[in-house]
Amino acid sequence: MASGPARPPLKVLLCSPRGFCAGVVRAIDSVERALTVYGPPVYVRHEIVHNRYVVESLRAKGAIFVEELSEVPATSAPVIFSAHGVPRSVPEEAQGRNLFVLDATCPLVTKVHREAEIHHRRGREVVLVGHAGHPEVIGTMGQLPAGSVSLVETLADAQAFAPRDPAQLAYVTQTTLSVDDTSAIVECLKARFPAIVGPHKEDICYATTNRQDAVKRVAPRVDAMIVVGAPNSSNSQRLKEVAERAGCRHAVLLQRAGDIDWNDFGAIGSLGITAGASAPEILVEEIIGAFAERYDVNVETVSAAEEAVFFPLPRPLREDQAAE
Ligand code: SF4
């Protein structure tokens, strides 16, 4: 039997940790458990996590995704808030309508909400370092009365920022930012306003930090890098930027193997792969499988940290599950 042309060798460096973080696992488990405990439908405000594959799988099991509570009819079915967190007005509206809420906001986002609240209570103007329009930023800004939080997105914003009173100033950050960009912005704020108060331990979460660290190790060693994740996933976008800055000439963000433009990957001998915190491992495997059909793939894992973080399900769900 004639054999086909030999496949070219490809070294795949797989970043570790990658993919799901504890907050995402908890959010997805909340929807799945709620479907089991209460039966479908279960309403979910906003994509539970920013990943189409995850959202479609949950939709197929009976989850109904809405952007606003006004889309939820009068119902006794649970309404789940996504991992990104919500402005205060949302639980207030839910309470006014007697909706049964399960809050899957990541505890590390809730921690930032509480910090912002405490600063505000102590009379400090709050600077939020983050990206305008991201649901987490909308949720964090919405913890305080309108106008109490000033958003700083870039170093230029930090350089131009004019506080009401430099002696009464605090900052918090979005959890999924670039560690390096944020540190430059925070340094600028501290240099300009030495009295500014910040978190004891930074707000960028462990999962964001670890995934960026792993990419920094892999990116300089490979010809190309794939970040598995969605375009609206903040931490995935940051991983692509981190790869580029760490010296990878060609970094792309992809959702599925079907999105691969093979012209992009013609003559490579090495490929780095990571996944954003909302991307399931099955999609990483799918992409490695697609490369294995065209290349003689040899996979090596490059580890930057061990993770053992676990967040329990929202309390009402735990209690109802235990009572079953
Ligand atoms: Fe929580 Fe961080 Fe995961 Fe966001 S990325 S859900 S803050 S652990």
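Select Q143 in this predicted model. Q143 lies in the loop that runs between α5 (135–141) and β7 (149–152). Colour the two flanking elements to see where the loop begins and ends.

Is Q143 buried or exposed? With a relative accessible area of 7%, Q143 is buried, because buried means under 20%. Next, show the residues that Q143 touches, leaving out those up to four places away in sequence: V86, P87, R88, H113, R114 and E117.

Move on to C248. The loop that holds C248 connects α9 (234–245) and β10 (251–254). The relative accessibility of C248 is 4%, so C248 also falls under the 20% limit and counts as buried.

Which residues are in contact with C248, apart from its neighbours within four places in sequence? They are A219, V222, D223, A224, M225 and A243. A243 belongs to α9 (234–245), the helix on one side of the loop of C248.

Keep C248 selected and add P41. Draw a distance between the two C-alpha atoms: the separation is 45 Å. Along the chain, C248 and P41 are 207 residues apart.

The last stop is the ligand. Where does the ligand sit? It sits in the largest cavity. Select the residues that surround the ligand: C21, G23, C106, L108, T175, T176, C205 and Y206. Colour this shell by residue class. Five of its residues are nonpolar and three are polar, while no charged residue is present. Among the nonpolar ones are L108 and Y206, and G23 is one of the polar ones.

Note on methods:
Residues are numbered from 1 along each chain as its sequence is written. This is a predicted model: local features need pLDDT of at least 70, side-chain atom pairs count only at pLDDT 80 or more; totals for chains, interfaces and linings use all residues. Side-chain values use heavy atoms; hydrogens and water are left out. A residue is near a molecule or strand if one of its heavy atoms lies within 4 Å of it. On a 1 Å grid over the protein atoms alone, a cavity is a set of points where a 1.4 Å probe fits but cannot get out, and a pocket is an open set with protein on both sides within 12 Å along at least five of seven lines; lining residues have an atom within 4 Å of a point. A molecule sits in a cavity or pocket if more than half of its atoms lie within 2 Å of its grid points. Helices (H or I, at least four residues) and strands (E, at least two) are DSSP runs, numbered from the N terminus. Buried means under 20% relative accessible area, exposed over 50%, partly exposed in between (1.4 Å probe, protein chains only). Contact means heavy atoms within 4.5 Å.
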